[in-house]
Amino acid sequence: MVPIDIKMKKLIIAALLFAGILPAFAQEQAPKLYTLPSPYDRYTHYQVTARYTAAIPVGSFSNNYIDKTSFENYSIALEWVFQNSFSVGGELGYSFFKKRLPRATYQQSDGSEISAIQTRTLTQYPIQAFVNYSFAPKNATVQPYVQLSAGASVLDYTLYYGILADQQQKIRPTYGIGVGSKFLFKKDGNFGADIRVKYQGTSFDYEYVDKGVSAINASVGLFYRWW
Amino acid sequence: MLRKASFLIISAMIWLTSCSNDPVNDLSDLDSQVFITNRDKSANFKSFKTFSVSDSVTVVQDNRSGTALTSLDKDLLSRIITNMQNLGYTYVALDKKPDVGLTAARITNTYQDVAYNPYSSYWGGFYGGFYGYPNYYVYETSESYWSISMLDIKNADTTAANGKKFNVIWDAQIRGGGLANPDYIDEMVDSAFGQSTYLSLK
C-alpha cells in the first residue's frame, strides 16, 4: 500500500508541475515566433503577376492610325524581389489594337484610288526586362512602386482594305515607365492585387505609323509570391 | 505545386495569344469589296466622245485565258454602258471607230504563297509546346476579281509591229466578296466609275 501511495504522490506532483510549466512555456514562446521577421523580409523571393490591361493610344500613333482604346491586352511578369527596395524581372505581353473606318476613297502614292472599308490593326508582343523601386516594406498592405522597363516587341501591322491586307512584321525596341501599387490581401500572405499605369513606347515606321507605337497602359492584376 | 501554378498561367496566356483572330471576318460581302482605279495621267478624257464595249468578257485563269458571256457578264457589260453614258460619252458600235473601248475580265489566280510565322519559334523555344510547327509554311490561295479597262483607240499606235497598239488609259479592279452575286453587279460597276470623277465629260 505504502509504495503505491508514494508513486501516486510523485505522479500527482509531476502532473501538477507539467500542468503549470507547459502552458507557461507555450505562452512565452508564442510572441517570440510571431515577432520573427517575415520570410519575405528575410529572403529574396519570387513573384508572378498576371495583368489585364486597357491600352489608350497616344501621340502620332493615335493621331494617324488607331485612336481607339484597346481592351485586348494581357501580360505575365516574373519578378525577383530583393531584400532592399528593388526588384527585377521580365514581362511578356500581348496587345491588339483595332479600328474600323467607314468606306472612303484613299489616294495611293502610285496615283491610284482605292475605295474600301479600312480595318486598321496592330498586334504587339512585348518582352521586357524591368526594375521596380518599392516605397513600402514587403508586408505593407499598400506597396506603391515605380517601374522602368526596356526590351523588344514583335510587331504586326496589318491594314485591311476590305479583305485585302497590307502587312508588315518587325521586331523593334520597346521601353516603358510606370507607377503602380501592390495590395497584399493578407499580412504575410502569398496573394495580392496589382494596379499599374504605364507609358509604353515602341519604335516603328511603316505607312500610317511613322513615329512609333505609343500607349498609356492601365492594368489590373493579381500576383502570387513565394520564397 | 507553385511552379505548376505559374506554368498554368503562362500556358493560358499562350492559348489566348495563339488563337489567330481574323479582324475582317465580320465584314459583309458588300463591305468587303475593294475598288481600285488608276489612270494614265497624260490622257485627256475631255478629248473623247464616243465609246464601245467588247462583246464578251475575258476569262483569265492562271496562265490560260478565253472569253465568256454568261448572264452575269452581260449584266456587267450593260452596266458599263450605262455608266459611260451617264458620264457623257456616246455609245457606238465597234466598227464605228469609237474613241475609247472598254473591256472587262474575270481573273482568277491560284498561287502558292509562303508565309512566315514569326511567333512559332519564339513560343516554341520558351515552353516547348509548339515544336514541329514550322516557321515557314506554304499555303495555296485563290483569288477572283473583276477588271475593267479603258483603251485609247483614237490615239492608237499604228506603227506597232503586230497591228495596232492601244494604251490603257483607265482601269478598275473590283475585289472582295460577293463578286459573282448578280444583285451586286450594278452597285459594283457604279462604285468603280463613281470614284473616277475625272472621266466625266460634263
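The exercises below work through the strands of chain A and the helices and cores of a predicted model.

**Exercise 1. Describe the order of elements in chain A and how its contacts are spread along the sequence.**

Solution. Begin with the inventory: chain A holds three helices and 10 strands. Read from the N terminus, these elements follow the order α-α-β-α-β-β-β-β-β-β-β-β-β. Turn next to the contacts of chain A with a separation of 6 or more, of which 60% are made by residues 24 or more positions apart. Finally, burial can be added to the description, since 32% of the 227 residues of chain A count as buried.

**Exercise 2. Determine which strands of chain A pair with β6(A), and in which sense.**

Solution. Take first strand β3(A), residues 86–100, which pairs with β6(A), residues 118–134, in the antiparallel sense over 13 bridges. The register of this pair can be read from F86(A), which stands opposite Y133(A) in β6(A). Then consider β7(A), residues 142–161, which runs antiparallel to β6(A) and is joined to it by 17 bridges. Here the register is given by Q118(A), whose bridge partner in β7(A) is Y161(A).

**Exercise 3. Carry out the corresponding analysis for β10(A), giving its pairings with β1(A) and β9(A).**

Solution. Strand β10(A), residues 213–226, pairs with β1(A), residues 45–57, through 12 bridges in the antiparallel sense, and within this pair T49(A) has F223(A) as its bridge partner. Strand β9(A), residues 191–202, also runs antiparallel to β10(A) and is joined to it by 12 bridges; in this case F191(A) is partnered by Y224(A).

**Exercise 4. Check the length of helix α3(B) against expectation, and work out how its buried residues are arranged around the axis.**

Solution. The helix covers residues 71–87 of chain B, and because a rise of 1.5 Å a residue gives its 17 residues an expected span of 24 Å, the separation of 25 Å between its end C-alpha atoms agrees with expectation. The buried residues of α3(B) are L76(B), L77(B), I80(B), N83(B) and M84(B). Viewed down the axis of α3(B), these fall within an arc of 120°, and therefore line one face of the helix. On the face turned away from that buried side lie the exposed residues S71(B) and Q85(B). Just after the helix, G88(B) adopts a positive phi of about 110°.

**Exercise 5. Place I80(B) in its nonpolar surroundings.**

Solution. The largest nonpolar core comprises 37 residues, and those with the most contacts inside it include L76(B), I80(B) and A192(B). The element that gives the most to this core is helix α5(B), residues 185–194, with five residues. Once neighbours within four places in sequence are set aside, I80(B) is in contact with V53(B), L102(B), A104(B), I148(B) and V189(B). Apart from this core lies another, of 10 residues, among them L155(A), Y157(A), V209(A) and V213(A).

**Exercise 6. Identify where the confidence in chain B is low, and report the scores of the model.**

Solution. Chain B has an average pLDDT of 80, with 73% of the residues scoring at least 70. Among its elements, helix α4(B), residues 120–127, has the lowest mean pLDDT, at 37, whereas strand β5(B), residues 90–91, has the highest, at 97. The pLDDT is below 50 over residues 5–19 of chain B, a stretch with 14 contacts in the model beyond near neighbours in sequence. It also stays under 50 over residues 117–135 of chain B, for which the model has 20 contacts beyond four places in sequence. The model scores ipTM 0.73 and pTM 0.77.

Notes. Residues are numbered from 1 along each chain as its sequence is written. Chains are lettered from A and ligands numbered from 1 in the order in which they are written. This is a predicted model: local features need pLDDT of at least 70, side-chain atom pairs count only at pLDDT 80 or more; totals for chains, interfaces and linings use all residues. Two strands pair if DSSP finds at least two bridges between them. Helices (H or I, at least four residues) and strands (E, at least two) are DSSP runs, numbered from the N terminus. A residue is buried if 20 or more other C-beta atoms lie within 10 Å of its own, exposed if 12 or fewer, and partly exposed in between; C-beta atoms are placed from the backbone. Two residues are in contact if their C-beta atoms, placed from the backbone, lie within 7 Å. The expected span of a helix is 1.5 Å times one less than its number of residues. The arc is that of the directions from the helix axis to the C-beta atoms. A nonpolar core is a set of buried Ala, Val, Leu, Ile, Met, Phe, Trp, Tyr and Cys residues joined through C-beta atoms within 7 Å. pLDDT is the predictor's confidence in each residue, from 0 to 100.
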